[in-house]
Amino acid sequence: MRYLANRAIQDPGSAVREHEIAAEVFGRTEAFDPRIDSTVRVNIARLRAKLIEYYNGPGADDRITIELPKGSHSLTFHAGPIETRPRIALHPVLGAPAIRVETPAPSNRLLVIALTCVTIVAVILAAVLVFQPSNRIENRALADPGDTRSLRRFWGMLLKGVNDPWVVFSNATFVGRPTTGMRYLVPSRDSGRDVVDFYTGIGEVLGIHALDRTFALLNRSIRVKRGGLLSLDDLENSDVVFVGSSLENLPLRDVPGLQDFQFKLIDKGPRSGEGALINLAPRNGEPKTLLASPLPLTEDYAVVGLVPALNPSRWALILAGTSTIGTQAAVEFVCRDDTVRELLSRVGQTAPGTRPLFEAVLDVHIKGGVPVRSDVVLFHARRAQN
């Protein structure tokens, strides 16, 4: 809010670009790709919703109404309620360090009042955004209405029943504390140690948000549950999307799961304790072990696998990397039309009424903690499922 207000003051009439917000507000580099990284869109949508909420509540009687129209990154200002007053649009540019209002000509009186109010509203919105709890996944309107034919085809093969699938995210058991070091619990040697059992990576969080957007686009919903709370009844009676590898998403160990690829912890050498992806059925020229780059992470490997669930009539979609960033990349791969199209081209034609079963390995390229490109480097097809 403050950034957009500064832009309005410094250079009214100039449009704000998504790349500028990404760089100036969120510290993204020139490699920022809005097709992959939805940070700006997520926060713009959230700010828009909170503005509407504010003016439908405590700000209903404000003399100036501030709006963030859909499809825009610029603030607009109105004298009185949006429905009844003419719009005066201000298109804010590159931010200033602080909000400063200078004495204007009399003809700009409305602009001065509007910009002066921005600071007050920004403080109110900051409090709402930071402190207001929410138990629902927000920003359903964020789904991209562009070409979605491949997305609809892929998910249409899966979402045939009336019940929505469970989305099960990793919630690994860790020992230790952030101040002294944390690692996966090893029952054989960690008896009696403090357990932190609520750790979930940022990639899983962003991945669930991406799935929620995609399902909203398809007029479907997701049911979200952390791995530690998933029951065998859930696995028996529902389709499941696993977000996170079996190293952290422990219920994944109870389903048939991946046959050709397996996540394992390295137990020896300088990278002991790190996760690796093992190719159990290497084909001609394929590597047997796939390992992420050393820190800082620039490359990871992830799996997108559609396999039978515990109940063979159900399906399980496994979206997992050896790191939380790899997991994010795997989820986003099945939430974008262009990357899903690549999966479908690998699958080929399937008989009507069947769903393809496969295991695909992604080579994930990472910059600044963000997956910027994912390429299918290994693809193992399995027999289709009715």
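Trainee: Hi! Which helix holds R341 and D337, and how many residues apart are they?

Mentor: Hi there! This is a predicted model, and in it R341 and D337 both sit in helix α9, which covers residues 337-347. They are 4 residues apart, so about one helical turn separates them.

Trainee: Okay, and what do R341 and D337 form with each other?

Mentor: They form a salt bridge, and its closest N and O atoms are 2.6 Å apart.

Trainee: Is D337 buried or exposed?

Mentor: D337 is buried, because its relative accessible area is 8%, under the 20% cut-off for that label. Its partner R341 is partly exposed, at 41%.

Trainee: Nice. What about L344, where is that one?

Mentor: L344 is in helix α9 too. It counts as buried, with 5% relative accessibility.

Trainee: Which residues does L344 touch, if I skip those up to four places away in sequence?

Mentor: L344 touches S150, R153, F154 and M157. There is also a C-alpha distance to look at: L344 and L151 are 193 residues apart along the chain, and their C-alpha atoms are separated by 9.6 Å.

Trainee: Now T148. Where is T148 found?

Mentor: T148 is in the loop that runs between α4 (109-131) and α5 (149-156). At 9% relative accessibility, T148 counts as buried.

Trainee: And which side chain does T148 join in a polar contact?

Mentor: That would be R152, with a polar contact of 2.9 Å between the two side chains. Leaving aside neighbours within four places in sequence, T148 is also in contact with L217 and D337. You met D337 earlier, as the salt-bridge partner of R341.

Trainee: Let's zoom out. How many helices and strands does the protein have?

Mentor: The secondary structure comes to 9 helices and 16 strands. The protein has 386 residues, and 50% of them count as buried.

Trainee: What does the accessible surface come to?

Mentor: About 19,400 Å², and carbon and sulfur atoms account for 53% of that.

Trainee: Back to salt bridges. How many are counted?

Mentor: The count comes to 10 salt bridges. One of them is between the side chains of R41 and E18, at 3.5 Å from N to O. R41 lies in helix α3 (residues 39-55) and E18 in helix α2 (residues 18-26), so this pair ties together parts that are 23 residues apart in sequence.

Trainee: Is E18 buried or exposed?

Mentor: E18 counts as buried, at 16% relative accessibility. R41 counts as partly exposed, at 22%.

Trainee: Can I have another example? What does D239 form a salt bridge with?

Mentor: D239 pairs with R314, and the closest N and O atoms are 3.9 Å apart. D239 is in the loop between α7 (232-237) and β9 (240-243), while R314 is in the loop between β13 (299-308) and β14 (315-321), so the pair ties together parts that are 75 residues apart in sequence.

Trainee: And how accessible are they?

Mentor: D239 counts as buried at 12% relative accessibility, whereas R314, at 25%, counts as partly exposed.

Trainee: Last one! Which residues form a nonpolar patch on the surface?

Mentor: I202, V205 and L206 do, and together they have about 250 Å² of accessible area. To find the patch, start from I202, which lies in helix α6 (residues 202-217).

Terms used:
Residues are numbered from 1 along each chain as its sequence is written. This is a predicted model: local features need pLDDT of at least 70, side-chain atom pairs count only at pLDDT 80 or more; totals for chains, interfaces and linings use all residues. Side-chain values use heavy atoms; hydrogens and water are left out. Patches are made of residues with over 30% relative accessible area and no salt bridge: like charges are joined within 9 Å, nonpolar side chains (Val, Leu, Ile, Met, Phe, Trp, Tyr) within 5 Å. Accessible areas come from the Shrake-Rupley method with a 1.4 Å probe; for residues, only the protein chains shown count as cover. A salt bridge is a side-chain nitrogen of Lys or Arg within 4 Å of a carboxyl oxygen of Asp or Glu. Helices (H or I, at least four residues) and strands (E, at least two) are DSSP runs, numbered from the N terminus. Buried means under 20% relative accessible area, exposed over 50%, partly exposed in between (1.4 Å probe, protein chains only). A polar contact is a pair of N or O atoms within 3.5 Å; within protein, one must be able to donate a hydrogen and the other to accept it, and residues adjacent in sequence count only if both atoms are side-chain atoms. Contact means heavy atoms within 4.5 Å.
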